[in-house]
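Me: Please examine closely how the parts of this assembly meet one another. I would like a connected account rather than a list.

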Amino acid sequence: MMLDLIAASLVVFGTVFFIAGTVGLLRFPDIYCRLHALTKADGLGLALVALGMTLKAESFGEVFRIVLIWFFVALASATCGHLIAAYARQADREGKA
Amino acid sequence: MTDMPLLPLFILLTSLLASPILFALPERAANLRTSINLGVAAIKVALVAWLGWKVSQGVVYDVRFTVLPGLDFKLQADPLALLFVSLSAILWLITTVYSVGYLESGSHRARFFGFFSLCVAATVGVAMAGNLFTFLIFYELLTLATYPLVIHRGSAEALRAGRIYLIYTLAGGLVLLLGTLGLWIVAGTTDFVPGGILADVAAEQRLVAQMLFVVLVGAVGVKAALFPFHAWLPIAMVAPAPVSALLHAVAVVKAGAFGIMRIVYEIFGIETAQALGMTAPLAALAAITIIFGSLKAITQDDIKKRLAYSTVSQVSYITLGVALASPIAAVGALAHLIHQGLMKITMFMAAGNLAEGLGVKKVSQMNGVGRAMPGTMLAFTAAALAMIGLPPLAGFVSKWYLAQGGLDAGAVWVVALLLGSSLLNAIYFLPMLYRAWFRDGTETEAAPARQRIGWMLAAPPITTALMVLAVGGFANAPFSPLEWTRFVVAIEYQE
Amino acid sequence: MTPDLIYGLTGIAVFAIGLTGALCAQDRLRRVLALKLCSLGAGFLLVVAAWREPPAAPDPVPHALVITGIVVMISATAVALALIRRLQSLEAEDDD
Amino acid sequence: MTDPFLILDLLLAGAVIALAVATLTVRDLFAAIVLFIVLGLLSALAWVRLSAPDVALAEAAIGTGVTGALLLKTLHHLRYVAGTLGEQTAHGVTPVTPVPMSVIWANAAFCGLITLGLAIAFLDAPLGGPGFDALVADAIPASGVDHGVTAVLLNFRSYDTLMEVVVLLAAVIAVWQIERGLSEAPSPDLSVIWQGFARLTLPAIVVVGTYLLWKGSEAPGGAFQGGAVLAAVGILLLLSRLYVPRPAHRALARWGFVLGTGVFAGVALLVTGGGRVTFEYPPEHAKTLILLIEGLVTVSIAVTLAALFHGREPVAVRAKEARHDA
Amino acid sequence: MTIDAMTLTLFLPLFGAMAAFVFPRVATGIGLVTVVATCGAVWLLALEVLKAGAVVTPLGGWEAPLGIALRADGLSLAMLAMTSGVGLLVSLGALDALRDLRQRQYFWPLWLLLLTGMNGVYLGTDIFNLYVMIEVIALAAVGLTVLSGTKEALRAGLEYMYASILGALLFLMGVGFVYLHLGRLDFAGLLEAEPSGALSAALALMLVGLLLKTALFPLHFWLPAAHANATAPASALLSGLVVKAALYIFLRLTTYVPLPDEILVALIGALGAGAVLWGGVQALRAERLKLLVAWSTVVQIGLIFIAFARAGQVGLTESWKAAALLILAHGVAKAAMFLAAGRIKDEVGHDIIRDLDRAEVRPTLAQFTFALAAISIIGLPPSLGFIGKWSLMEGAMAAGYWHWVAITMIGTLLSVAYFSRVFAGFLRFDRVRGPVGEHQGWALADVAPLTLAIASISLGLMAAPILSFIELGYALGVTP
């Protein structure tokens, strides 16, 4: 029961971060800020949701898979964030020049 | 019984198979081409003679195979077919000699002789078709094979003529297809049977039968140059002389006239056609064409065009003879099929010689050509006089029978018509003869172009002119066209 | 109201949107996208048709068909895209 | 509302339709493609809701993943050729003239009519109606696999599946043919971080792909999903330039493309005889044969999809020749 | 290992395609051997069908509807025979026409895959399987369309690709509706189907998809450019064979599920009439020879659909045979015509109709071939095209549908008109300087098209056996 409550609140917290990230994506002025909102908030949101889900997992294998998913998504979003930022900076420079 | 049941097929195949060989021969292999041409033509004449002998012995030929359920490809050799087959076989041989001479220095000879051969195959097929379906096949083949010959010269004018020719004849073919289909649907067969196959249909569905008559006769009427479908014939005269001679004197227009015979005698039956009330309008149309063609001929200065309009007029004699629905007139019609072929081919070949030898293409240039080319002009004169109907020449014989038939059928106007037409013939032919023989030729411009023509050009018209004399003079001899004609008419009228 | 009804109508709508786009799109790439929408709509229809009220298991045959359809579609897309790329290069060269 | 999931269904359905419209109407093509990818993923989600995890996997991996990569690559090429890299454009090829409102309304009306007509027909049909359920249930034990979709794909309707692989083969042949001599847009310069990411993830993806393939005989997954995941490996390798195709690899690639099809068709023929017809696997060997086919087909699919992404045949093109060829 | 003839006809070209792709250097040899072998397999199958009437193989041992059955009857065999026979001759024609090594090495695998797909269509009995097959055909056909690599060909190929994908997807959507309604996808199931809204929608979707694939007016927009700009052997395959696959499916579907509505029947007929007239007018205006030939394909498809339209009408159930004859006739003649047009273009150097008469080289044999093929396409006796037209008009006249008769006749006249433009180009000489050789430009490559053209004429005389053959095992209302 206690576990359920903790799990649920973690997922809800995670969702809040997701929403915040999305609002940031929509409202922030330039690409770097948007990227910032997206990667940071969503990364944390995903971590919280994943954590909440592990508490509800039925077997160790399931926990392992959830962790794996979190790990790869985090890796991918970090890489993507970097790529987008680098690309945007390059485009900016070319635009100025 | 017959020892060679496929004889009609062989006759067809001789020229059909010769044509791809002729196409493939290189342009320079002139001697080989001539040998093949003459050889095949001679073989064909021999085979036709054999066929004629067999048929006169009472042998019945019937070559057929099924194309669609109930619908056969059928060749037969009835006396009527034989009449037309022998005409085309013999004239093909003669015209081949003439063409070899005519095209000696020309180009595209491989193509010319290939299609020429194909045309003869188609004509023979038209003659021997055992039903309307087969007739249709060869009728269309004839159109297609003559088209390249009409435009042989490859000039813009030739191509325009070719297009008109193609439109007229293919449209006619399409209507014939329609009529054949209609016949197939209402009668369930398209066979040519003496006495006709439509008696029952005509009794029950008179209107359908009448429409069918109009459609079928109208369709073949295009090739027969029946007024108002005649316009292609004078235009097609841009073709080389041998083409005009054989095809537009014999093969194509006769295929149309022959089709009218087949349709009236063997699809409808002369009695049924009469009962349908269709023969009188047909006779009237023929009469109009006769007069119209003659009148137009008078106004032509171009020799070949004058001859072409004369053909328009003369071919309608055949139609008239058929439409009069009298056995005697029928004899005249059939005899005229042969006689007119002989006369007209002579004149076209002679005209070709004038153009080749003297550069004379117009009537107004004909002054004194008789002295320049006496042989050719003698042949021309014989044929022209025959055409006018001078006894005892060929034209007289057929006109005589036609007039008698007219009286027999109670149509006295026919006699007047024939007299009138003969007068018109005289009006447009005699001035030509007069110029040729009695005017001094030195004042014409044509003289410098003068060159000697070879025997291959000179002999054929003389030969056919002699035949014109013979068929008229010996009209009553056994195996003469007239005799054979009587035999055919006896069958068609089931006497 | 059941999921199959909702998604069935969704699929039909997506198909119709794709069809409209395929007929009207001006840009070559956009047309490919429109055709992809059509295929998605058809996929929806088949998946919906296979659905059975739980606990019954769905019919596997339409699922297999959709998988086949997806693979067929990517093949066609790849060819179309290759054509677009090549054509663009040729046209650009002509402009030079 | 009896089922709270229905709300999810309705939301998802609404999002799918909205995304479909947006894909076609959004101005920037890049955005359109991204929206399409999102649409594909949401559709996959919807299909999971409809108890079709196999299809969802295939759609996510092939219909959205690889297709998305293909679309983006093409857009990159088009913009490179047109000299509009880094710009937002509504067109890849020809300038788009503005569409008047009347046309838009006409389109909408047309679209509505089609939807309406098909919807009426759809509502007319019995939902959850007749199907192959009973037939499949009866036949599964003899099929050699336990998972329905795999049984259908590789046994009951293996002919379709073979032809599907043939379609893929035809596609790669056609693409090579179309793009011979095409000069390529230089791929974007990806940094060290990307290569590190690729190195880190590649082994994991290979494991996942193999797992999906292996799992296919009893649970969702199988040759196509596994193949698509492995194709992602190829795409990553190509993008990160960890692997650069060379002319010498051409022959190998050709073998790779036909391997699956060849073995599939070959097995189908080899099992005949003794009263068995084409594709009729002897029941005792069915599982082995199906696994063999699946394994090799997976390899072929992976190689083929990666090749479709790469596009042109790896040939040594001299600059002059390329010019002439184009 | 005992392989039945039906499997052979499918798998031989498939293996051939793979081999030709893997060994590009010997692709030509592999391709030729494969096509010959496929002809042999079709021959074996024909013997079986002659004996048994219809042959069925449930693939994988699973009976339909769960499994997929292959079925061969007279009609499918006639299509197979046409495909492999025409295919063989086009293959021979391709030996000369494709001089570029790279074209050749891609032509063979694509063409063999195309053959696989078409054979699959003619043997198929399952509508989803047919969908996959038409996609195999589509991809291979697009590959062939753009073989020449010119910009025009690529543009046309892309349009063709769009039309193909859209047609296939419409068909797939129809398959979905059939499954919704019936829960099965085989022809037998369709035959037993009760009419319903879903079935009507399915039929409408599938038929429209097929119309797009066969390019019936006004969905023909992609065809002329695609067929005109491909290389000659590819054009011959596309125009002669590929459109026939969708036509065949259309024929099967409309006979198993007769068109429900008079209006629908009239609509299809009207579209056919539109194709005949519009295609004819466009052919009259076409500037290039191959484009003219492509437009004549549009016309012919219209004519075939007029036959279909009648097939749906009460009392005219036999008219599918007219459609089948027209399909066969057009397949043979059009392949001959495109190959001949390709030869003419090769020899003359261009195919602009207006300037054909300026050429000093006249490839007479190819021109003759073209003319022979035109005879069959116009429908002049005794060609197979004539027999097809005869059957069509006979049925229409017997039933009193005079408007169809009129359209057919107008179509014939139009085709005479547009083909005579070409003949004029062949036979006019006064615009050439210098002598024209009749026997220049003859080549061994003329043999293949000439054979096809002669076949298109002489098959007309064999219409009776062909008809009795296509009726084998094809009785309406009998479960396949």
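**Contacts between and within the chains**

Reply: Of the 5 pairs of chains that touch, chains C and D share the most contacts. The model is a predicted one.

Another pair can be described residue by residue: where chain C meets chain E, 26 residues come from chain C and 21 residues from chain E. On the chain C side, helix H1 (3-24), helix H2 (28-50) and helix H3 (60-95) each supply at least two residues. H3(C) gives the most to this side, with 15 residues. Sorted by class, the side of chain C that touches chain E has 18 nonpolar, 4 polar and 4 charged residues.

Some pairs do not meet. Chain A does not touch chain C, and the nearest C-alpha atoms of the two are 22 Å apart. Chains B and C are likewise joined by no contact, and their closest C-alpha atoms lie 40 Å apart.

Within chain B, a helix pair merits a closer look. Helix H5 (residues 132-150) and helix H6 (residues 156-187) of chain B have axes that come within 10 Å and cross at roughly 175°. Angles over 145 degrees count as roughly antiparallel, and H5(B) and H6(B) are therefore roughly antiparallel to each other. From H5(B), the contact is made by B:Leu132, B:Phe133, B:Leu136, B:Tyr139, B:Glu140, B:Thr143, B:Tyr147 and B:Val150. The residues that H6(B) brings to this contact include B:Ala158, B:Ala161, B:Gly162, B:Tyr165, B:Leu166, B:Gly173, B:Leu176 and B:Leu183. By class, the contact of H5(B) with H6(B) has 14 nonpolar, 5 polar and 1 charged residues.

Chain A can be considered as a whole. Its secondary structure comes to 3 helices and 0 strands, which follow the pattern α-α-α along the sequence. The radius of gyration of chain A is 17 Å, well over the 13 Å that the globule rule gives for 97 residues, so chain A is more spread out than a compact globule. Taken along the principal axes, the C-alpha atoms of chain A fill a box of roughly 60 × 25 × 10 Å. Of the 97 residues of chain A, 11% count as buried. Among contacts in chain A between residues at least 6 apart in sequence, 62% join residues at least 24 apart.

Key:
Residues numbered from 1 in each chain as written. Chains lettered and ligands numbered in written order. Predicted model: local features only at pLDDT ≥ 70, side-chain atom pairs only at ≥ 80, totals over all residues. Helix = DSSP H or I, 4+ residues; strand = E, 2+ residues; numbered from the N terminus. Rg over C-alpha atoms; globule rule 2.2 N^0.38 Å. Buried ≥ 20, exposed ≤ 12 C-beta atoms within 10 Å, placed from the backbone. Contact = placed C-beta atoms within 7 Å. Axes fitted to C-alpha atoms, helices over the stretch in contact; angles between N-to-C directions. Parallel < 35°, antiparallel > 145°, perpendicular 65-115°, else oblique. Nonpolar A, V, L, I, M, F, W, Y, C, P; charged D, E, K, R; others polar.
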